[in-house]
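Here's a quick briefing on the local geometry and side-chain contacts of one protein model. Have a look at the structure first, then work through the points by topic.

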Amino acid sequence: MADLATEFAGIRSPNPFWVASAPPTDKEYNVRRALDLGWGGVVWKTLGLDPHIVNVNGPRYGVVRGAEGQLIGMNNIELITDRPLDVNLREIKTIKQDYPDRAIVVSLMVPCEEDAWKFILGKVEETGADGVELNFGCPHGMSERGMGSAVGQVPDYIEMVTRWCKAMTRMPVIVKLTPNVTDVRYPARAALKGGADAVSLINTLNSITSVDLDDFCPEPAIDGKGTHGGYCGPAVRPIALHMVAEIARDPETRDLPISGIGGIGTWRDAAEFIALGAGTVQVCTAAMTFGFRIILEMISGLEHWMDSQGHETMSSIQGRAVPNVTDWQYLNLNFVTKAQIDQRLCIKCGRCFAVCEDTSHQAITIGADRTFEVIDEECVACNLCINVCPVDDCITMKTLPAGSIDTRTGQVVEPDYANWTVHPNNPAAGASAD
């Protein structure tokens, strides 16, 4: 069976799945439940020095749901822990003693003052924790106080604080990056210059998820008022994947360990982050939606997939997709595909025709018997028809052999159908015609 054991920035864990710093890691009870079920580690909910942190006593989460009611995004307005620092530290020490083989990392956020960082790092070291994560990502509540993303959006601050922390502690230092920037490579480079052992990303995105049209108040509403919060969940996964890939393929940071965060809910999500360079993955919203037992499926699913593909260790898949990430101008514009409808599978719903006719290139015809056919000369292989088709593999993309387009007229030359290679649901698979 595949070995999921992971070493990340010198921190060992039996698998790459960590519970992210968030409400699920706010106290010993929750953390113990997670580790008993098999999570490889946790990042303890962010600790600070302000004894007057007060969270709202009303709704803390807003959600975005899909058409079938599933939760696809969550907005949270919760601050860092409001539990006493000494209580958190005592619980962290107990957890590390009871689970010596698990990764216990502590998230920290204090003002940009060297003495403040020195004090809290010393306290965390006494717990025996494996590492610290500098929270430079939180976009609400704390950022207005000059912490969180207020630091993470300024590379000079990131480098400065990271350098302080590296000089003050024996523990590996992970820098948690905010996605609320134009180009995530610059904060990552700053973390590396400051001596960071790793980075984690993404933290949450600034957001307002909805507005109550009766009260005209953003949700979640607190006594008639609302505020921006941090957006997470499946909806942010594409953004997180992009940012992880940008750091992994940047010549200046390509060797910097990455802990991937953002919308991870299945083993496949995790595998995609790892393929793009992540060494561990952190999960929050999925656990808050389904509970900690999702780790059982995540572990078994990743093991089964790795076994079926012949991957024995995590290192055999980590970063494998990075060389295939490129800039647009380097894409092969001579690679040509066309949509193809399998009439045996078609249920004649007409969705492909409607979207192509109204919003694309009028490349699908409808017959008197509601048979839908693709006009090769008009099809630009945009993939929209596949995306809306409710039947798996009913519409696929066929790859045209080289030379089947007349470059002078742009017209399709009758191809050799016997030599077409079909790539279901993925026109960008990169394979060529036989």
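Helices (H or I, at least four residues) and strands (E, at least two) are DSSP runs, numbered from the N terminus. With that in hand, Ile239 can be placed in helix α7 (residues 237-249). This is a predicted model, in which local features need pLDDT of at least 70 and side-chain atom pairs count only at pLDDT 80 or more, while totals for chains, interfaces and linings use all residues. Residues are numbered from 1 along each chain as its sequence is written, and side-chain values use heavy atoms, with hydrogens and water left out.

**Around Ile239**

- Ile239 counts as partly exposed because its relative accessible area is 34%; the scale here calls a residue buried under 20% relative accessible area, exposed over 50% and partly exposed in between (1.4 Å probe, protein chains only).
- Leaving aside residues up to four places away in sequence, Ile239 touches Ile202 and Leu205, where contact means heavy atoms within 4.5 Å.
- Ile239 and Ile294 sit 55 residues apart in sequence, and their C-alpha atoms are 23 Å apart in space.

**Backbone oddities**

- As background, most residues other than glycine have a negative phi, and most peptide bonds are trans.
- Ile202, one of the residues that Ile239 touches, follows a cis peptide bond from Leu201, with omega near 10 degrees.
- Ile202 itself is in the loop between β10 (198-201) and β11 (205-207).
- Glu219 and Pro220 are also joined by a cis peptide bond, with omega about 0 degrees.
- You'll find Pro220 in the loop between β13 (217-219) and β14 (229-232).
- Ala9 isn't a glycine, yet its phi is positive, at about 50 degrees.
- The loop between β1 (6-8) and β2 (11-13) is where Ala9 lies, and Ala9 is partly exposed, with a relative accessible area of 21%.
- Phe216 is another non-glycine residue with a positive phi, near 55 degrees.
- Phe216 belongs to the loop between β12 (210-212) and β13, and at 63% relative accessibility Phe216 is exposed.

**Strand pairing**

- Strands β5 (residues 61-65) and β6 (residues 71-76) pair in the antiparallel sense over 5 bridges; two strands pair if DSSP finds at least two bridges between them.
- Looking across from β5, Val63 has Met74 as its bridge partner in β6.
- The β5 and β6 hairpin has 5 residues between its strands, and Gly69 there takes a positive phi near 90 degrees.
- β6 also pairs with β14 in the antiparallel sense, over 3 bridges.
- Asn75 stands opposite Tyr231 in β14.

**Rings and a charge**

- There are 5 aromatic pairs in the structure. Rings of Phe, Tyr and Trp (its six-membered ring) pair if their centres lie within 6.5 Å; planes under 30 degrees apart count as stacked, over 60 as edge-to-face and the rest as tilted.
- Trp117 and Phe136 make an edge-to-face pair because their planes are at 80 degrees, with ring centres 6.4 Å apart.
- That pair links distant parts of the chain, 19 residues apart: Trp117 is in helix α3 (residues 114-125), and Phe136 is in the loop between β8 (131-135) and α4 (149-152).
- Trp117 and Phe136 are both buried.
- Phe353 and Phe372 form a tilted pair, 6.2 Å centre to centre and with 40 degrees between the planes.
- Phe353 is in helix α11 (residues 351-359) and Phe372 in strand β19 (residues 372-374), so this pair ties together parts 19 residues apart in sequence.
- Phe353 is partly exposed at 22% relative accessibility, whereas Phe372 is buried at 1%.
- Arg189 lies over the face of Tyr186, 5.0 Å from the ring centre; a charge sits over a ring if NZ of Lys or CZ of Arg is within 6 Å of the ring centre and within 35 degrees of the ring normal.

**Cysteines**

- How many disulfides are there? The count is 0, with a disulfide taken as a pair of cysteine sulfur atoms within 2.5 Å.
- Cys112 is in no disulfide, and the nearest cysteine sulfur, that of Cys165, is 9.7 Å away.
- Cys112 is partly exposed, at 30% relative accessibility.
- Cys389 is in no disulfide either; its nearest cysteine sulfur belongs to Cys394, 4.3 Å away.
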